[in-house]
Amino acid sequence: MSFNKLFIILNTGRTIRQGMFMESDGKWSKKYFDEVAYIEMNPEDVKTLGNPSKVKVSTNRGSVVLPVRVNDRVRKGSAFIPMGPCASLLVDHETDGTGIPYLKSTKAIVEPTDEPLTTLQDFLKILEAKVVDIPITDLETKPGEKRVVENVSCPFCGDVCDYLRIEVEGARIVRNVGGCAISISKFLNYNKHRILKPYIRDGNRFIEVSLEKAIDMAAEILANAKYPLIYGLSSTCVEAIEVATEIAEVTHGVIDNTSVVCHGPTMLALQEVGAVTATFGPMLHLADLVIFWGCNPREAHMNHISRIVMPRGRFVEGRKARKVVIVDVRKTVTADMADLFIQVEPGRDVELLRALRMAIKDLEIEVPVVAGVPREKIIELAEMLRTARYGVLFFGMGLTQSEARFRAIEEAMKLVQELNEWTKFVLLPMRGHYNVNGANQVLLWNTGYPYAVDFARGFPRMIVGVTSTPDLLANGDVDAALIIASDPAAHFPRKAVEHLSKIPVIVVDAKWSLTTAFADIVIPAGMVGIECEGTVYRMDGVPIYMKKILDPPPGILCDKDVLEMLLKKVKELKKVSS
Ligand code: SF4
């Protein structure tokens with residue numbers, strides 16, 4: 001075996017199989033872990049290492065041993081690990097005042113090894129999880145009367161497809177027509193690995209308690225905390241988020257949502273420069289040029305292409321009349337459908353955006369290559385942008401998490417603003433969780449800030465890099481956490497997750513997440529969009545009503561009702577009048 005080492009740039013991202021197995025088999029399953037615990041490398045790099053089947057990947061934050069998958073879509077000198085616990089062990093927790101850790105463009109060393117592969121148990125041990133014996137249960141679903149529910153909205157990604165036809169037999173969901181593969185997996189497996197009872201931690205195991213007892217204990221933790229964190233909320237309804245905001249205010253804590261690690265930089269850039277944007281309707285009916293920058297909708301928002309790009313619009317003859325451009329660090333499956341694919345060097349998107357802003361104004365680009373892209377290609381793209389009748393720039397975490405953070409998004413927003421001097425052009429962030437946009441909206445209309453909102457002084461403030469969850473956890477600033485419908489243990493950098501093992505943690509969720517291993521109290525909840533109704537905001541800002549298709553399991557309440565009980569109890573303890 002060769003024992004060469006390679007210095008590589010590590011990127012993380014979503015994959016279809018990760019999303020499907022998360023829903024069908026759960027975060028505690030081997031199938032899910034296998035889909036997040038591998039490294040994709042370029043064939044030439046693998047050959048340089050002597051074609052090992054597994055490698056040790058090390059960064060300044062930790063190391064893991066992973067099986068190698070060879071993929072010529074990955075740029076030479078780069079590697080890809082799906083978002084999840086293994087990637088999180090490697091990435092840096094530092095946010096440099098931006099609130100978002102470096103989940104992309106991480107410098108790493110890769111070398112062949114004889115050490116055993118890293119397992120889920122290793123991961124939990126490294127992070128000092130409190131409970132590893134999780135009572136995983138499926139909800140028993142009895143067959144019964146057949147029903148069809150039309151126009152159901154999908155509670156998975158920010159597209160919130162609202163045209164699904166769900167067929168039900170008794171308590172079983174047997175068919176999902178119109179949903180993508182991930183949506184089908186979510187609906188048909190809604191009963192899998194459910195939290196069916198409230199639990200409290202007793203040593204390193206959970207014991208079952210009544211809902212009232214779990215709420216009492218959770219309220220005590222929050223009321224006694226000096227600075228509690230309320231986090232998550234992107235996979236629940238806006239009605240629940242409003243109640244959570246009041247809990248943060250009453251406890252003088254901080255409330256944050258998952259946008260802090262995805263489109264937080266987008267929110268910052270929006271406040272700085274503003275954006276020209278639109279809803280899906282005009283895009284479908286008018287767009288003759290669609291750009292996807294740093295996003296991979298064919299894996300992460302699977303119906304997006306069939307909704308916006310492929311169909312015939314009122315003024316556009318469908319895909320054949322639409323040009324598609326992909327800008328990414330790797331050749332994603334979405335890039336396969338592109339008329340023009342531009343492979344940008346990792347972390348250098350901001351340079352390419354600035355060069356494009358110059359090119360559309362016919363300013364001379366003096367260097368032959370910018371961010372790995374030849375000048376001629378930049379000029380070709382600039383010409384496509386200027387001559388489009390209606391252009392759309394969709395962007396994802398490849399851009400928000402690039403090294404320039406919100407500065408890169410500002411450049412994208414300015415580019416689109418300037419393009420409107422020639423033509424019509426709009427921009428839209430590809431939001432991940434189905435209501436992450438709603439989480440931003442609720443906080444904005446209640447506090448004036450979209451995320452990382454701190455009530456420590458009795459009034460809202462937002463200081464990214466200080467009141468943002470990755471910083472709060474990594475710096476050990478919060479002394480209790482209420483996690484709602486979210487899984488930070490699976491996605492936050494190691495140092496941030498380690499703090500969860502040191503403070504009391506309350507989890508309110510429908511399914512057993514990896515964060516439940518760090519919980520002291522676990523409270524079950526119904527699933528919004530399946531067992532609970534509510535309002536959510538689609539990625540383009542359109543509010544969508546989520547239907548209830550089935551009753552929640554006996555004794556289980558929706559997030560809003562659980563949080564209202566908790567708020568009432570906290571107010572009693574804090575002697576705050578309603
Ligand atoms: S694209 Fe997103 S919202 Fe639409 S069906 Fe798929 S997972 Fe659901």
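**Helix 13, the ligand shell and the internal spaces**

Helix 13 spans residues 349-360, 12 residues in total. The first and last C-alpha atoms lie 17 Å apart, close to the 16 Å expected at 1.5 Å a residue. These values come from a predicted model. Of the 12 residues of helix 13, 9 are buried, so the helix is largely enclosed by the rest of the structure. The buried set includes the leucines Leu352, Leu353 and Leu356. Asp349 and Arg357 are also buried, as are Val350, Ala355, Ala359 and Ile360. Asp362 follows the helix and has a positive phi, near 60°.

The ligand is surrounded by residues that include Cys154, Cys157, Cys161 and Cys180. Phe156, Val160, Gly179 and Ser183 also belong to this shell. His301, Met302 and Asn303 complete it. By class, the shell holds 7 nonpolar and 4 polar residues, and no charged ones.

The largest pocket contains about 310 Å³ of space. Its lining comprises 20 residues, with Met267, Leu270, Pro429, Asn437 and Gln441 nearest the centre. Helix 9 (264-273) provides the largest share of this lining, 4 residues. Strand 20 (424-429) and helix 17 (436-447) each supply at least two. The lining divides into 11 nonpolar, 7 polar and 2 charged residues. Domain 2 (195-262 + 435-527 + 555-574) and domain 3 (264-429) both contribute to the lining, so the pocket lies between them.

Closed spaces were searched for across the whole structure, and 6 cavities of 30 Å³ or more were found. The largest cavity has a volume of about 880 Å³. It is lined by 44 residues, and Met22, Glu23, Lys27, Ser235 and His433 are the closest to its centre. Two or more lining residues come from each of helix 1 (16-24), helix 6 (181-188), helix 11 (297-300) and helix 19 (488-491). Helix 1 gives the most, with 4 residues. The lining of the largest cavity has 21 nonpolar, 14 polar and 9 charged residues.

The second largest cavity has a volume of about 390 Å³. Its lining has 30 residues, and Lys104, Gly294, Cys295, Met397 and Gly398 lie nearest its centre. Strand 1 (6-13), helix 11 and helix 15 (397-400) each supply at least two lining residues. Strand 1 gives the most, with 3 residues. This lining divides into 10 nonpolar, 15 polar and 5 charged residues. Domain 1 (6-126) and domain 3 (264-429) each contribute at least three residues to the lining of the second largest cavity.

How values were computed: Residues are numbered from 1 along each chain as its sequence is written. This is a predicted model: local features need pLDDT of at least 70, side-chain atom pairs count only at pLDDT 80 or more; totals for chains, interfaces and linings use all residues. Side-chain values use heavy atoms; hydrogens and water are left out. A residue is near a molecule or strand if one of its heavy atoms lies within 4 Å of it. Ala, Val, Leu, Ile, Met, Phe, Trp, Tyr, Cys and Pro count as nonpolar, Asp, Glu, Lys and Arg as charged, and the others, Gly among them, as polar. The expected span of a helix is 1.5 Å times one less than its number of residues. Buried means under 20% relative accessible area, exposed over 50%, partly exposed in between (1.4 Å probe, protein chains only). On a 1 Å grid over the protein atoms alone, a cavity is a set of points where a 1.4 Å probe fits but cannot get out, and a pocket is an open set with protein on both sides within 12 Å along at least five of seven lines; lining residues have an atom within 4 Å of a point. Grid points are joined across faces, edges and corners, and a volume is the space filled by probe spheres set on the points. Domain bounds come from an automatic or database domain assignment.
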